[in-house]
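The exercises below introduce one protein model, each with a worked solution. Please keep the sequence and the structure in view while working through them.

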Amino acid sequence: MLATFGIAASSPPQERIVAPDGLEPIAINGVTRIVRIDPGVPAMPLITQEFAEAAGMKAGMIGVGYGVGPKLIAGRTAVARVTFGSEKPQKRRIGFTPQPFATGVAGVFGPGSLPEPVVRFRLREPIAGERTIALPMADQGDLFGGWAERFATIMVEGEPLRIRFDPHHPYTLANAGAAVRLARAYGGTLSGSTRTTEIAFGVERPIRTMTLATPLIVGPLTIGSLGVRTTDNGKTDRIADADKAADPNEVVVTGKGKHNIKRDRLSIGADRLDRCSSIVFDKPAHQIRLSCR
């Protein structure tokens, strides 16, 4: 006798769709402000001092620090009740700083801070010819890694390189440590004058342009040039400079110096993400999926 067994289809993962500007009302301890849901920020929500005080948050024993180049933005944390839309309040640890992470909003929430297992950032409408490619997703990996950003990872020189997706900043940027690795692996040269750009918390850092002889592939994106932060997590002075006259007796060596490769970062900005319709953070699958043309 043949026995058949019915298996109930599992329901699809609950998904939050985030609008291109990322702006949403969030209530903390019953006090509502407009915050930005942002794919490139930490999992621990970061709100302004004003929002924290209005919500009656009392700082606990755990502090928070966010490094932007040599500058450390220090803040405090507290546990509070957070309400996303019409959902039930949930207790979360929240960081707050006197200096806001981003202007014009009362705070920022990363995909790791949201209750849904799948978070879809909608950047624009899909168009014909797009490809969707999944990249492995990881956190910072240390004791407090769960509070940090959610990164995609690619392999460069046999080691993982962490990648942030930052549609709210104009440029694709590597810090100096990542830039040196990319220069070795893809034939990078620096050119152009040093300029500054805002990274986070209103802090500006010096950057230059690096051109790659062999383009870097990140999922569906092809990157032939990018900005580099010249003095953050190392220095870029060992990368060949196309603006300097070459000395025939000089050998430019981009050797492996001592630095913490776990702090190497590549941040993909709006100059590349304008080709993408969505970024999906699938937490159960540990994947970040990019849909781009």
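**Exercise 1.** Which residue in β6 is the bridge partner of Ala27?

*Solution.* The model is a predicted one, in which local features need pLDDT of at least 70, side-chain atom pairs count only at pLDDT 80 or more, and totals for chains, interfaces and linings use all residues. Residues are numbered from 1 along each chain as its sequence is written, and side-chain values use heavy atoms, with hydrogens and water left out.

Step 1. Strands (E, at least two residues) and helices (H or I, at least four) are DSSP runs numbered from the N terminus, and two strands pair if DSSP finds at least two bridges between them.

Step 2. Strand β2 (residues 23-28) pairs with β6 (residues 71-84) in the antiparallel sense, over three bridges. Within β6, Thr83 is the bridge partner of Ala27.

Step 3. β2 also pairs with β3 (residues 31-37), antiparallel and over six bridges; here Ile26 has Arg33 as its bridge partner. Two residues separate β2 and β3 in their hairpin, and Asn29 in the turn has a positive phi of about 50 degrees.

**Exercise 2.** State how confident the prediction is along the chain, and where pLDDT stays under 50.

*Solution.* Step 1. pLDDT is the predictor's confidence in each residue, from 0 to 100. The protein chain averages 90, and 90% of the residues score at least 70.

Step 2. Over residues 1-9, pLDDT stays under 50, and the model has zero contacts (heavy atoms within 4.5 Å) beyond four places in sequence for this stretch.

**Exercise 3.** In what order do the strands of the twelve-stranded sheet follow one another, and which strands stand at the edges?

*Solution.* Step 1. The protein chain has three helices and 19 strands. Twelve strands form an open sheet with mixed pairing, in the order β1-β9-β18-β19-β10-β11-β12-β17-β13-β16-β15-β14.

Step 2. The edges are β1 (15-18) and β14 (188-200); each has a single partner strand, so one side of each is left without a neighbour in the sheet.

Step 3. Inside the sheet, β13 (residues 173-175) and β17 (residues 265-269) pair in the antiparallel sense over two bridges, with Leu173 opposite Ser267.

Step 4. β14 and β15 are antiparallel, paired over nine bridges, and Gly188 has Leu212 in β15 as its bridge partner.

**Exercise 4.** Is Phe201, in the loop between β14 and β15, buried or exposed?

*Solution.* Step 1. Buried means under 20% relative accessible area, exposed over 50%, and partly exposed in between (1.4 Å probe, protein chains only).

Step 2. Phe201 has a relative accessible area of 3% and is therefore buried. Its phi is near 55 degrees, a positive value in a residue other than glycine.

Step 3. Asn233, in the loop between β16 and β17, likewise has a positive phi, near 60 degrees. With a relative accessible area of 14%, Asn233 is buried.

**Exercise 5.** How many of the eleven residues of α2 are buried, and what does α2 give to the largest nonpolar core?

*Solution.* Step 1. Nine of the eleven are buried, so α2 is largely enclosed by the rest of the structure. Among them are Val180, Leu182 and Tyr186. Gly187, with a positive phi near 70 degrees, follows the helix.

Step 2. A nonpolar core is a set of buried Ala, Val, Leu, Ile, Met, Phe, Trp, Tyr and Cys residues joined through side-chain atoms within 4.5 Å. The largest holds 57 residues, of which Ile28, Met57, Phe165 and Met210 touch the most other members. α2 gives the most to this core, with six residues.

Step 3. A second, separate core of 15 residues includes Val41, Leu46, Val105 and Phe201.

**Exercise 6.** Which residues does the disulfide join, and why is it right-handed?

*Solution.* Step 1. A disulfide is a pair of cysteine sulfur atoms within 2.5 Å. The structure holds one, and it joins Cys276 to Cys292 with an S to S distance of 2.1 Å.

Step 2. Cys276 lies in β18 (residues 276-282) and Cys292 in β19 (residues 287-292), so the pair ties together parts that are 16 residues apart in sequence.

Step 3. The torsion about the S-S bond of Cys276 and Cys292 is about 90 degrees, so the disulfide is right-handed. Both Cys276 and Cys292 are buried.
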